[in-house]
Amino acid sequence: MKLSFYGAAQEVTGSKHLLTTANGKKILLDCGLYQGRRKDAERKNAHFGFNPQEIDYVIISHAHIDHTGLIPKLVKEGFNGPIYCTPATLDLNKIMLPDSAHIQESDIKYENKRREKEGKKLLEPLYDAEDAETALSLMKSVPFYQDFQVCDEVSLKFTENGHLLGSAAVNLSIKDNGNLIHVCFTGDIGRQSGSMLNPPQPFPQADYIISESTYGDRLHSDEIYSLAEIIKIITDTCIEKKGKVIIPAFSIGRTQEIIYGLDYLHSKLQLPNIPVYIDSPLSAKGTGIFKNHLELFNSEFQEFLLRDKSPFDFPNLHLIQSVDESKALNENPEPMVIISASGMMEAGRIKHHVANHIENENCTILMVGYCEPSTLGGRIAAGATEVKIFGQVKRVNARVEYIRSFSGHGDYKEMITFLDCQDRDKVKNIFLVHGDIDAQHAFSGHLRTAGFKKVDIPALGSEINLS
Ligand SMILES: [Zn+2]
């Protein structure tokens, strides 16, 4: 059996790992979009590095676009087998993939306007809404903890990893020349505490583990501190300086986490009396899906639910739908909190809010999630004094704050706690993916200290024999 790495190898986005069984069956684990600098993204998303028509099955760990966003392109280029994921992931895919197609199409429209003026050849979107719909028609849900026979030689079990609603570690048992090989792809590993989801759960013993490593070199501060810090930032910015707090957040996951946090603060009478706007139509749809899968939430959330029947709503919360309403927020001088997407500020309405407020020293840009270093969010987080937005250079006069503990990713200790269910002597190798190289080297050291004997950091395109 062979394992090949076609994305998120020594970098964070574009998750794609290919297993080829002894009998030649090809199973693709995740099919994510690379998100980063435009030129890199165009190049990396243009070619898979394998033939989509030869793939037999796709298995998805979770609904984030850097894990699913190239599925419609895979289908466009000839893949037509089943795509397996958990029921909540399927529900989220139904809103996220059409949204991704819409972003692809409108980005290219914008780019083509420029190219037309310059007399350059026009570009095609990576995929369109129809490709996304075809991809969705191939998706089949497999509930958590159920043994599912993918084919004669491969069985699958999803276990909870606490990263996003529906997110799973993918556990495979694969027949290989008379042996049974157990492979676990961790997907993205969530927090042990501080999340509203169930924490990462133990998973079956594996021979090989493909593990994420995003925060392989970091320890988070604790969640209570984050909420206290949010109150302080809102008070300083909105009450003292009469400014706006702009929070870039993924529409799905982080936004709901923040709404729940603010709702909790409101229930404790700790939230300043300031309007909070959720400026992302996708967030509203996503919140509906969260409400349909309450079984995946932790015991603390279930208890809170007994006291507050609507944990994603409070009196000062307003959902913004239309573009006109979104634009009106920029003209409204009142203090407010705006939560908008995308999380890395590369696209969507957040880019306009940031462009309009980044030069205002009374405003705060509050980062609450990981941003790939080359993205606008990554550059702002790294302390850039000037950034280019929509072709214009803007000075960063606004206060920039970064709360890392809101992360959907566990730190290195939390990831090792997740891996603690494994018998070290039985794990033959851990392959680190989904992390910057420095984080991966650090995590590799931490894993060895924790007793795991062999840890590799595969390069993009590398192929490894498993037996
Ligand atoms: Zn993720």
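The exercises below, each with a worked solution, go from the whole chain down to one residue.

The model is predicted: local features need pLDDT of at least 70, side-chain atom pairs count only at pLDDT 80 or more, and totals for chains, interfaces and linings use all residues. Residues are numbered from 1 along each chain as its sequence is written.

**Exercise 1. Describe the chain as a whole.**

Step 1. The secondary structure comes to 14 helices and 22 strands. Helices (H or I, at least four residues) and strands (E, at least two) are DSSP runs, numbered from the N terminus.

Step 2. Along the principal axes, the C-alpha atoms fill a box of roughly 70 × 60 × 40 Å.

Step 3. The radius of gyration is taken over C-alpha atoms, and the globule rule is 2.2 Å times the number of residues to the power 0.38. For 467 residues a compact globule would have a value near 23 Å; the chain has 22 Å, which agrees.

Step 4. Of the 467 residues, 47% are buried. A residue is buried if 20 or more other C-beta atoms lie within 10 Å of its own, exposed if 12 or fewer, and partly exposed in between, with C-beta atoms placed from the backbone.

**Exercise 2. Find the domains and describe the contact between them.**

Step 1. Domain 1 covers 2-218 + 408-465, and domain 2 covers 223-406. These bounds come from an automatic or database domain assignment.

Step 2. The domain centres, taken over C-alpha atoms, are separated by 27 Å.

Step 3. Domain 1 gives 27 residues to the contact and domain 2 gives 25 residues. Two residues are in contact if their C-beta atoms, placed from the backbone, lie within 7 Å.

Step 4. On the side of domain 1 that touches domain 2, the largest share, 8 residues, comes from α4.

**Exercise 3. Work out the strand order of the parallel sheet and place a helix on it.**

Step 1. The order of the 6 strands in this open sheet is β14-β13-β15-β12-β16-β19, with parallel pairing. Two strands pair if DSSP finds at least two bridges between them.

Step 2. At the edges are β14 (317-319) and β19 (399-402), each pairing on one side only.

Step 3. From one strand to the next, the twist averages 20°. Axes are lines fitted to C-alpha atoms, for helices over the stretch in contact, and angles run from 0 to 180 degrees between N-to-C directions.

Step 4. Helix α11 (residues 349-357) packs on the sheet and touches β12, β13, β15 and β16. The direction of α11 makes about 145° with that of β12.

**Exercise 4. Do the same for the mixed sheet.**

Step 1. Here 7 strands form an open sheet, in the order β6-β5-β4-β3-β2-β1-β22, and the pairing is mixed.

Step 2. The edge strands are β6 (139-141) and β22 (463-465).

Step 3. Strands β2 (residues 16-20) and β3 (residues 26-29) run antiparallel, joined by 4 bridges. H17 has L29 in β3 as its bridge partner.

**Exercise 5. Is I210 buried or exposed, and which residues does I210 contact?**

Step 1. I210 is found in strand β11 (residues 208-212).

Step 2. I210 is buried because 28 other C-beta atoms lie within 10 Å.

Step 3. Leaving aside neighbours within four places in sequence, the contacts of I210 are H17, F185, T186, F431 and V433.
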